[in-house]
Amino acid sequence: MFRFQRSLPAVRTGIHALRQLYRKVLGEITKDARGLQLMRDWLSPDQRAQFDDSGTFEVVGCHSGKRYRIYRGTAQNVFEIDEAGELKLGLCFTPYGNLVAGDAMLAQKIALETDESGALAIANRFLPRGRTNAHG
Amino acid sequence: MAIQIVMDHTGDTRHHFNPEDVQALAKAEERFKKLTGLGFTAAVRTASGEVSKVQSFDPNAEETVFFPRLVGG
């Protein structure tokens, strides 16, 4: 009995910590899911179908007509692709701040579709090593 | 109801307003100016899914999304 009474504060602390962890994890899941839902809502019907099928979608640059594939992520997730759909060049640009993947992907899509030159002027280039053409 | 969606570290913050309410509309316009002044990009979409960037407040826009300025990674 004595041992149980002594351990009660520790148990309460443990429960409190567990609750905080649960809220934090739930919050992360919620904001991540909300970001993806917002992005999905703003995709064109074709892009939405691509994303649902492969976890990626393609956009066409408003100035050059070049095609880009956007993968799930917040950085190093945008690639120029060739006519065969092969990755040509990686482009790294993302909205400032710690945004969730869905938000970053939507911002990248809007940037390429409405101000491609501006996005390319900011983007750092990288070779698409290690990234396969397999979607997702 | 119209909505302004501002991307941020919490996912996003949503501001609903009645475009027929003069005060609410003025507040939405003020928010638009403040955010774009801070470097946010504002975009709207059409029913067909086409997206366009907007430079000035559109009182008829049903949904406007704002994202922070882009940076190279």
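In strand S3 of chain A, the bridge partner of Arg69(A) is Phe79(A), a pairing that belongs to the antiparallel contact between S2(A) and S3(A), residues 78–81, which extends over four bridges. The model in which this pairing is found is a predicted one. On the preceding side in sequence, strand S1(A), residues 57–60, is joined to S2(A), residues 67–70, by four bridges, again in the antiparallel sense, and within this pair Val60(A) stands opposite Arg67(A). S1(A) and S2(A) form a hairpin in which six residues lie between the strands, and Gly65(A), in the turn, has a positive phi of about 80 degrees. A positive phi of about 80 degrees is also taken by Gly55(A), which is placed just after helix H2(A). That helix, covering residues 45–54, is hardly covered by the rest of the model, with one buried residue among its 10.

Taken as a whole, chain A contains four helices and five strands, and along the sequence these elements follow the pattern α-α-β-β-β-β-α-α-β. Of the 136 residues in chain A, 26% are buried. Among the contacts in chain A between residues at least 6 apart in sequence, 53% join residues at least 24 apart.

One example of an approach between remote parts of the sequence is provided by Gly35(A), which is located in helix H1(A), residues 2–42. Gly35(A) and Asp103(A) are separated by 68 residues in sequence, yet their C-alpha atoms are 5.2 Å apart in space. When neighbours within four places in sequence are left aside, Gly35(A) is in contact with Val100(A), Ala101(A), Gly102(A) and Asp103(A), and also with Gly11(B) of the partner chain. Because 23 C-beta neighbours lie inside 10 Å of Gly35(A), this residue counts as buried, the threshold for that class being 20 or more.

The largest nonpolar core has 34 residues, and those with the most contacts inside it are Leu106(A) and Ala107(A). Helix H3(A) supplies the largest share of this core, with seven residues. Not counting residues up to four places away in sequence, Leu106(A) touches Leu38(A), Met39(A) and Trp42(A).

Chain B, by comparison, is built from one helix and six strands, arranged along the sequence in the pattern β-β-α-β-β-β-β. The C-alpha trace of chain B spans about 40 × 30 × 25 Å along its principal axes. A compact globule of 73 residues would have a radius of gyration near 11 Å, so the value of 12 Å found for chain B agrees with that expectation. Buried residues account for 22% of the 73 residues of chain B, and residues 24 or more positions apart contribute 42% of the contacts in this chain with a separation of 6 or more.

Five strands of chain B are assembled into an open sheet with mixed pairing, in the order S2-S1-S5-S3-S4. S2(B) and S4(B) stand at the edges and each has a single partner strand, so that one side of each is left without a neighbour in the sheet. On average, and with direction ignored, neighbouring strands of this sheet are turned by 25 degrees against each other. S1(B) and S2(B) run antiparallel and are joined by seven bridges, with Ala2(B) standing opposite Phe17(B) of S2(B). Helix H3(A), residues 101–114, packs on the sheet and touches S1, S2, S3, S4 and S5 of chain B, its direction making about 85 degrees with that of S4(B). Helix H1(B), residues 22–37, likewise packs on the sheet, where it touches S1, S2, S3 and S5 of chain B and makes an angle of about 150 degrees with the direction of S2(B).

The association of the two chains involves 22 residues of chain B, which are in contact with 29 residues of chain A. On the side of chain B that touches chain A, the elements giving two or more residues are strands S1, S2, S3, S4, S5 and S6 of chain B. The residues on this side divide into nine nonpolar, eight polar and five charged. Strand pairing also crosses between the chains, since S4(A), residues 87–95, and S6(B) pair in the antiparallel sense over three bridges, and in this arrangement Thr94(A) stands opposite Val71(B).

Terms used. Residues numbered from 1 in each chain as written. Chains lettered and ligands numbered in written order. Predicted model: local features only at pLDDT ≥ 70, side-chain atom pairs only at ≥ 80, totals over all residues. Contact = placed C-beta atoms within 7 Å. Nonpolar A, V, L, I, M, F, W, Y, C, P; charged D, E, K, R; others polar. Pairing = 2+ DSSP bridges. Buried ≥ 20, exposed ≤ 12 C-beta atoms within 10 Å, placed from the backbone. Axes fitted to C-alpha atoms, helices over the stretch in contact; angles between N-to-C directions. Core = buried A, V, L, I, M, F, W, Y, C linked by C-beta atoms within 7 Å. Rg over C-alpha atoms; globule rule 2.2 N^0.38 Å.
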